[in-house]
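Hi there,

Here is the structure I promised to pass on to you. Have a look at it first, and then read on for my notes on its cavities and helix packing.

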Amino acid sequence: MQLRYFGTDGIRGVFGEPPMDAAFLRRLGYALAGYIALRSSGRRLQIIIGRDTRVSGPAILSALSEGLLIAGHRVLDAGIVPTPAVPESVLEHHADFGVMITASHNPPSDNGVKFFDQHGLKLSEMAEAEIETWLGRVNAPDTIPALPVLEAIDAVEPYRMRRNLLLPHHALANWIIAVDCGFGATGATTPEVLRRLGADVRIRATEPDGARINTEAGSEHPQFLSALVHESGARLGLAHDGDGDRLVVCDETGSVVDGDEVLGILALHALRAGTLKNRQIVATVQSNLGLDRALASAGGHVVRVPVGDRQVLHKLLELGASLGGENSGHYIFTEISRCGDGLLAALQLIQVLRDTGRPLSALRREVPLLPQITANVRVRVKRPFAELPLFSEALHAAESTLDGRGRVLVRYSGTEKKIASAAGGTSADGIGTIARNLKAGGLARVGCRIKSPPAILVR
């Protein structure tokens, strides 16, 4: 389903440009009011809105709320919170809808909105299509009456308290943990929760600085976390993106642990404990094939879905499974929360370390990854691949080379203007050749104007 405004995770763009300009956002709020009211028998609605630290957050909150308030509904302002705190607040306050204003891991110039229904779940594509239909039907009134002031709620402390209950009191006494919050929404949550559990927390980028969110900090730049682990002698390092739904981890040596290794560690531990429902996990098509092998060797199974944590969640619920995630750092534990949550994932991983008594550097060796190379290209226009014959030729050649011994994945990012490709298989030399061919014969000549050269990363 091709939507005009929605990507893989809500609506996102450069603030001040459509669709992230005030006029569109006000109309979006008005359209949301109509969409939700249709399902609520005409009663007055209650909508909870949170945001990350971006400078543009208050302006978006104002424009979006205006559209909702004009329609006569009640808006509760959760302030600066991690994304997972919003759906939990929706459930706590018996609200009708939740909105998180964030562009997640994107740069400070971007912003966006993520939506949650009354059950705290991200919207389906069908629901997003309905909202786009409403956007095509409505225009917010030109004359604005005197609107009520937004009602503030505390969504931070309830979120912290729920996370503190996941580990015993003082469970982290004598632990040194390095934390990088990327100048985002987790600065008031992750360090404080760990301190309440007894940890000695060494921090960086915890200030709520929206002008620097995700800039040389956080999950997008783990080298800084790695340095902090080295300097502090930490047992592990934790980094979040701007809205806190991602987790990137460093082991005690300062080495960055791949997201598929983290998912594998969690899954293998649950398998051995007999707590992994249906003995299966859900991962996306981008996860490393080594994850499948590691789970299979322990009697487990990996189910694959398209990219996006929403896709992971919906499949988890369909299967009745309990664990899933993306190698980008999204992890979902359906028995605790139904939203990607970087702090929750960190606490679950810490529990594995406590249960096993083993360092993270040893645990990750149980999930040996196969050679995989990614190549990303920023573009100005997302042209259909069918219109790019040179690219199609390079892709066909890559698939022929693998001949069933690996795979090639190519897609446009749903949150940024870029082509993301990955090649994985059993031969490092073969995968390296494929990546070079894709770059030379395909990605570098896709018929789009390239804003930055391809970045080739080997893992």
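Let me begin with helix 10 (residues 309-319), which supplies three residues to the lining of the second largest cavity, the largest share of that lining. Please keep in mind throughout that this is a predicted model.

**Cavities**

The second largest cavity holds about 40 Å³ of space. Around it you will find Phe116, Lys122, Asp309, Arg310, Leu313, Ile332, Arg338, Cys339 and Gly340. By class, that lining has four nonpolar residues, four charged ones and one polar one.

How many cavities of 30 Å³ or more does the structure hold? There are three. The largest cavity contains about 70 Å³, and its lining is made up of Phe6, Thr8, Asp9, Gly10, Lys114, Phe115, Lys122, Leu123, Glu128 and Arg310. Five of these lining residues are charged, three are nonpolar and two are polar.

If you click through both linings, you will meet Lys122 and Arg310 in the largest cavity and again in the second largest.

**Helix packing**

Two helix pairs may interest you as well.

The first pair on my list is helix 1 (residues 22-37) with helix 4 (residues 125-137), whose axes lie 9 Å apart at an angle of about 115°. Their crossing is right-handed. On the helix 1 side, the contact involves Phe24, Arg27, Leu28, Ala31, Leu32, Gly34 and Tyr35, while helix 4 brings in Ala127, Glu130, Ile131, Trp134, Leu135 and Gly136. Sorted by class, this contact has nine nonpolar residues, with two polar and two charged ones besides.

The other pair is helix 8 (residues 259-273) and helix 11 (residues 342-356), with axes 10 Å apart and a packing angle of about 55°. Why do helix 8 and helix 11 count as oblique to each other? Their angle of about 55° falls outside the ranges for roughly parallel (under 35 degrees), roughly perpendicular (65 to 115) and roughly antiparallel (over 145), so the pair is oblique. The crossing of helix 8 and helix 11 is left-handed. Ile265, Leu266 and His269 of helix 8 touch Gln348, Leu349, Val352, Asp355 and Thr356 of helix 11. Four residues of that contact are nonpolar, three are polar and one is charged.

Enjoy exploring it!

Best wishes

Technical notes
Residues are numbered from 1 along each chain as its sequence is written. This is a predicted model: local features need pLDDT of at least 70, side-chain atom pairs count only at pLDDT 80 or more; totals for chains, interfaces and linings use all residues. Side-chain values use heavy atoms; hydrogens and water are left out. On a 1 Å grid over the protein atoms alone, a cavity is a set of points where a 1.4 Å probe fits but cannot get out, and a pocket is an open set with protein on both sides within 12 Å along at least five of seven lines; lining residues have an atom within 4 Å of a point. Grid points are joined across faces, edges and corners, and a volume is the space filled by probe spheres set on the points. Ala, Val, Leu, Ile, Met, Phe, Trp, Tyr, Cys and Pro count as nonpolar, Asp, Glu, Lys and Arg as charged, and the others, Gly among them, as polar. Helices (H or I, at least four residues) and strands (E, at least two) are DSSP runs, numbered from the N terminus. Axes are lines fitted to C-alpha atoms, for helices over the stretch in contact, and angles run from 0 to 180 degrees between N-to-C directions. A crossing is left-handed if the near helix is turned anticlockwise from the far one by less than a right angle, and right-handed if clockwise. Contact means heavy atoms within 4.5 Å.
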